[in-house]
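Here's a quick tour of a protein model, written for someone new to reading structures. Take a look at it first, then we'll walk through some of its parts.

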2 protein chains.
Amino acid sequence: MLEGKFEQASLLKKVIESIKDSVKLCNFNCSAEQGITVQAIDDSRVLLIALKMDAGCFQEYRCDRDLVLGLDLESLGKILRQGNNDDYLTVIAEDTPDKLLVVFEDKKKDRISEFELKLMDIDSDVLSIDDMDNDCSITLPSAEFAKIARDMKTLSESLQILVTKDSVKFAAEGTIGNGSVILKPHTDMDEPDESIRIDLNQPVNLTFGAKYLNDIVKATALSPTVTIKLTDKAPALFEYRLPSGYLRYYLAPKFEDEE
Amino acid sequence: MLEGKFEQASLLKKVIESIKDSVKLCNFNCSAEQGITVQAIDDSRVLLIALKMDAGCFQEYRCDRDLVLGLDLESLGKILRQGNNDDYLTVIAEDTPDKLLVVFEDKKKDRISEFELKLMDIDSDVLSIDDMDNDCSITLPSAEFAKIARDMKTLSESLQILVTKDSVKFAAEGTIGNGSVILKPHTDMDEPDESIRIDLNQPVNLTFGAKYLNDIVKATALSPTVTIKLTDKAPALFEYRLPSGYLRYYLAPKFEDEE
DNA sequence: ACGCTTTGGC
DNA sequence: GCCAAAGCGT
């Protein structure tokens with residue numbers, strides 16, 4: 001059987017909130033060694049989501065044999081919203097499960113809430129993703145990236161990201177006008193998460209669909225920083241680190257003729 | 001060229017937020033002596049808005065020759081929302097401009113956001129408004145007036161304002177019931193902005209469209225107090241003072257047969 | 001376009 | 001913890 005206990009219900013809640021607008025149904029793969037992993041492609045088949053929650057995400061984690069749990073994220077989200085953020089949260093499944101058991105326990109009060117979520121059979125191909133070398137890597141406060149993505153979407157459906165050795169520029173061109181935000185790297189000793197870091201092998205100039213970036217930044221609450229890895233003409237990686245694991249988004253850039 | 005730098009982006013942001021729901025397009029008149037002035041009539045041609053931002057509103061102000069900037073306030077609002085309230089904000093236009101450049105600079109970080117907003121040709125007549133004598137003038141906390149305007153709108157489409165020497169009464173009559181708020185003048189030494197002051201030459205009894213009053217009180221954030229000048233059978237003036245300048249609304253009263 | 005809900009700032 | 005502003009949904 002699977003039994004995973006989160007110290008804070010909020011962790012799983014935020015994870016599901018981060019991806020449920022992109023993906024309706026997906027398989028959670030559970031194993032003893034890997035913890036829980038998910039790979040899913042959004043309904044328009046443009047955005048690939050890779051989640052990894054290692055055993056370290058859990059206060060207790062046990063998985064007797066590998067399981068695939070087919071979940072409706074909308075339904076799971078409804079259930080997760082019923083717990084309080086700092087409840088204990090335990091997810092339980094039998095070895096040949098037809099349902100997922102979700103249990104909240106209030107840390108102080110004698111309150112236990114239990115939910116059974118029906119599982120589904122979901123087709124999915126698991127792609128192997130090479131951890132290739134990137135032209136550049138940018139780490140910045142996730143909230144700052146989220147604001148840029150949201151703001152620029154008001155101007156255009158496309159967001160261009162240009163990285164040079166000493167700056168990253170986000171630019172949008174739309175009918176009402178053009179806009180750009182330029183960030184320069186800096187190290188904030190007092191608040192390291194506020195730092196902006198650019199590691200560059202080669203300058204890049206890529207354009208992405210603003211809609212997908214807005215889906216991606218829903219993960220902002222999961223981590224104070226986000227790391228963006230870009231390579232010319234290749235899918236970009238946006239990574240939010242979990243206490244132990246990650247939530248990664250892979251997004252293909254737009255090409256010139258479709259911008 | 002025009003170059004105006006605000007110490008706080010929030011000032012222009014609040015001004016635009018205050019008027020953009022009433023007026024979609026309007027001309028900003030820029031000159032060396034007058035600073036930036038706007039006169040606009042709301043889309044239903046009932047409410048007249050007069051804005052004056054003197055050079056004193058700016059940290060730096062330069063205007064080589066008179067300019068008229070035709071702006072879409074909705075678009076400008078989108079751009080202004082992208083800055084942080086205490087960013088520096090600089091607006092720049094060439095002498096024969098086809099666009100307005102809007103630049104935010106974070107005071108601490110190395111962040112610069114630039115936007116180009118396309119300008120438009122907008123017809124507009126500038127009316128001359130006599131600064132006539134009024135029957136009475138009332139100054140009260142802007143938040144208090146805003147609450148009255150909002151609350152009374154739930155009762156009726158019309159709000160009656162009755163002023164006598166020692167009180168101002170706001171009254172609404174509607175199908176669910178009638179309501180009134182009576183304020184008496186008082187001077188608050190500790191918090192002068194909380195004072196209520198009535199200067200009266202002659203009692204007045206006027207009725208206004210509640211909808212327009214609700215548009216007017218969107219300017220509440222601009223000033224802790226509002227001054228209302230009323231004259232029988234003449235447009236009322238609602239004035240919010242800026243650091244250096246003002247935002248004024250002129251609203252014609254309803255007449256008996258249309259109430 | 002308005003109201004409600006969620007998120008961020010004080 | 002409370003209040004205000006921004007974003008989302010109807």
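Which strands of chain A does helix α3 (residues 142–153) lie across? Helix α3(A) lies across β10, β16 (225–230) and β17 (236–242), and runs at about 100° to β10(A). Angles here go from 0 to 180 degrees between N-to-C directions, with axes fitted to C-alpha atoms (for helices, over the stretch in contact).

This is a predicted model, so local features need pLDDT of at least 70 and side-chain atom pairs count only at pLDDT 80 or more, while totals for chains, interfaces and linings use all residues. Residues are numbered from 1 along each chain as its sequence is written, chains are lettered from A in the order in which they are written, and side-chain values use heavy atoms, leaving out hydrogens and water.

**The open sheet in chain A**
- Helices (H or I, at least four residues) and strands (E, at least two) are DSSP runs, numbered from the N terminus.
- Nine is the number to remember: an open sheet of 9 strands follows the order β6-β2-β3-β4-β18-β17-β16-β10-β14, with antiparallel pairing.
- At the edges stand β6 (67–72) and β14 (197–200), each with a single partner strand, so one side of each has no neighbour in the sheet.
- On average, neighbouring strands of this sheet are turned by 15° against each other, direction ignored.
- Strand β10 (residues 136–141) of chain A runs antiparallel to β14(A), joined by 4 bridges (pairing takes at least two DSSP bridges), and A:Cys136 stands opposite A:Leu200.

**A hairpin in chain A**
- Strands β8 (residues 99–105) and β9 of chain A pair antiparallel over 7 bridges, and a hairpin of 6 residues joins them.
- In β9(A), A:Ser113, A:Phe115 and A:Leu117 point to one face and are buried, while A:Ile112, A:Glu114, A:Glu116 and A:Lys118 point to the other and are not.
- Buried means under 20% relative accessible area, using a 1.4 Å probe and protein chains only.

**Helices in chain B**
- Helix α1(B) has 9 of its 11 residues buried, so it is largely enclosed by the rest of the structure.
- Helix α2 (residues 73–80) of chain B is mostly covered too, with 6 of its 8 residues buried.
- B:Asp72 caps the N-terminal end of α2(B), with a side-chain oxygen 2.9 Å from the backbone nitrogen of B:Glu74.

**Where the chains touch**
- A:Gly177 sits in strand β13 (residues 177–183) of chain A and counts as buried because its relative accessibility is 3%.
- Beyond its neighbours within four places in sequence, A:Gly177 is in contact (heavy atoms within 4.5 Å) with A:Ala172, B:Glu116, B:Leu117 and B:Lys118.

How values were computed:
Buried means under 20% relative accessible area, exposed over 50%, partly exposed in between (1.4 Å probe, protein chains only). A polar contact is a pair of N or O atoms within 3.5 Å; within protein, one must be able to donate a hydrogen and the other to accept it, and residues adjacent in sequence count only if both atoms are side-chain atoms.
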